[in-house]
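Okay, hi everyone, thanks for letting me go today. I'll put the structure up, and then we can walk through it together.

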Amino acid sequence: IVAAYGAVTGSAVATVSVPGTTPVNLWVPMSNPDGSDAAAMWGTSATDVFAVSGGAILHYDGTSWTSMTGGPNWLGDVWGASSADVFAVGGSGTIWDYDGAAGAGMTSGVTGDLRGVWGAAGADVFAVGRKGANLHHDGVRWSPMASGTANNLRGGVWGASRADVFAVGDNGVILHYDGTAWTATSSPPQCQGYDVWGASSHDVFSVGDCGIILHFDGTTWTQMSSGTGSELPGGWGS
């Protein structure tokens, strides 16, 4: 709110609350100890959040961010089954696992970039990446899975369960895993898909380049109006 009287002006910030909702105030910059672009974030609570930045895995304890582990390759995504079982993936097939005390590199078996990671449990994790790379971790090792596409999978991978997983990528490709095999799903023409998230198996959203937003109702993907032509790198909901 800005008020003026002659040459004198004054301003104030007011937060308007709506009954039944939590007021949203100003975003505050936070210090990143790595200094590189933060690419992805995942957490268990407001005092236990993980992020990947450059080649480092960062942890937030509710007060500040600290760098826990890292390597020579950039990291592009992070997901965990718990605060003591966190996976991060990135360049040249890099996969890091954090056990609550220390991080260690894992053998992925691929050399191409990995862009996304998600799991139904610590022993049931999926990673996707360049040229249709698709990996599964069974709690012991990572194994390749046939994705059926040579398109880059851009980082969007999410599932309602271990037998109902979605992945998105270049040229509008949307893949679905039914617990046995990955298959391409029918969807409206779109630009690159960057991310996918759902509230349930019949309420899934995909976002990407060109302002694209798609919604899946359990049967059909339909395009939604986003009101923008700019790229949408990520999406999430409550």
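**Starting from one threonine**

If we skip the neighbours within four places in sequence, Thr183 is in contact with Ile174, Leu175 and His176. So where does Thr183 sit, and is it buried or exposed or partly exposed? Thr183 belongs to strand β18, and with a relative accessibility of 43% it counts as partly exposed, because buried would need a value under 20% and exposed a value over 50%. Keep those two cut-offs in your head, since they come back a few times. One more thing on this residue: Val13 is 170 residues away from Thr183 in sequence, and the two C-alpha atoms are 51 Å apart in space.

Okay, let's zoom out. I should say right away that this is a predicted model. How many helices and strands does the protein chain have? Zero helices and 22 strands. The C-alpha trace spans about 70 × 45 × 30 Å along its principal axes. The chain has 238 residues, and buried ones make up 41% of them. As for the surface, the chain exposes about 12300 Å², with 53% of that supplied by carbon and sulfur atoms. And if you take contacts between residues at least 6 apart in sequence, 33% of them join residues at least 24 apart.

Next, the aromatic rings. The structure holds 15 aromatic pairs. Let me pick one: Phe126 and Trp182. Their ring centres are 6.1 Å apart and the planes make an angle of 80°, so the pair counts as edge-to-face, for which the angle has to be over 60 degrees. Why does this pair tie together separate parts of the chain? Because Phe126 is in strand β12, residues 124-129, while Trp182 is in strand β18, residues 182-184, and those parts are 56 residues apart in sequence. Both partners are tucked away from the surface by our cut-off: Phe126 is buried at a relative accessible area of 0%, and Trp182 is buried at 7%. And you may have noticed that β18 is also the strand where we found Thr183.

These two rings also belong to one aromatic cluster. Its members are Trp42, Phe50, Trp79, Phe87, Tyr98, Trp118, Phe126, Trp142, Tyr177 and Trp182.

On to charges. Counting side chains, the protein chain has 6 positive and 19 negative ones, and the centres of the two sets lie 12 Å apart. How many salt bridges does the structure hold? Two.

In one of them, Arg162 pairs with Asp124, and the closest N and O atoms are 2.9 Å apart. This pair links distant parts of the chain, 38 residues apart: Arg162 is in the loop between β15 (153-161) and β16 (164-169), and Asp124 is in strand β12. We've met β12 already, as the strand that holds Phe126. Arg162 is partly exposed at 33% relative accessible area, whereas Asp124 counts as buried at 11%.

Then there's Arg154 with Asp170, whose side chains meet at 2.5 Å, N to O. Arg154 lies in strand β15 and Asp170 in the loop between β16 and β17 (174-177), so this bridge ties together parts that are 16 residues apart in sequence. Arg154 is partly exposed, at 30%, and Asp170 counts as buried, at 11%.

Now a bit of backbone. Most residues other than glycine have a negative phi. Which residues here have a positive phi although they are not glycine? Lys131 is one of them, with a phi of about 55°, and Asn171 is another, with phi near 60°. Lys131 sits in the loop between β12 and β13 (134-137), and Asn171 in the loop between β16 and β17. That second loop is also where Asp170 was, the partner of Arg154. Both residues are exposed: Lys131 at 55% relative accessibility, Asn171 at 64%.

Last stop, Gly227. You'll find Gly227 in the segment after β22 (221-224). At 77% relative accessibility it counts as exposed, because the value is over 50%. Ile212 is 15 residues away along the chain, and the C-alpha atoms of the two are separated by 9.4 Å.

That's my tour, so feel free to jump in.

Terms used:
Residues numbered from 1 in each chain as written. Heavy atoms only, no water. Helix = DSSP H or I, 4+ residues; strand = E, 2+ residues; numbered from the N terminus. Buried < 20%, exposed > 50% of the residue type's maximum accessible area, 1.4 Å probe, protein only. Contact = heavy atoms within 4.5 Å. Areas by Shrake-Rupley, 256 points an atom, 1.4 Å probe, with all protein chains shown as cover. Lys, Arg positive; Asp, Glu negative; His and termini not counted. Charge placed at Lys NZ, Arg CZ, Asp CG, Glu CD. Phe/Tyr/Trp six-rings, centres within 6.5 Å; stacked < 30°, edge-to-face > 60°. Salt bridge = Lys/Arg side-chain N within 4 Å of Asp/Glu carboxyl O.
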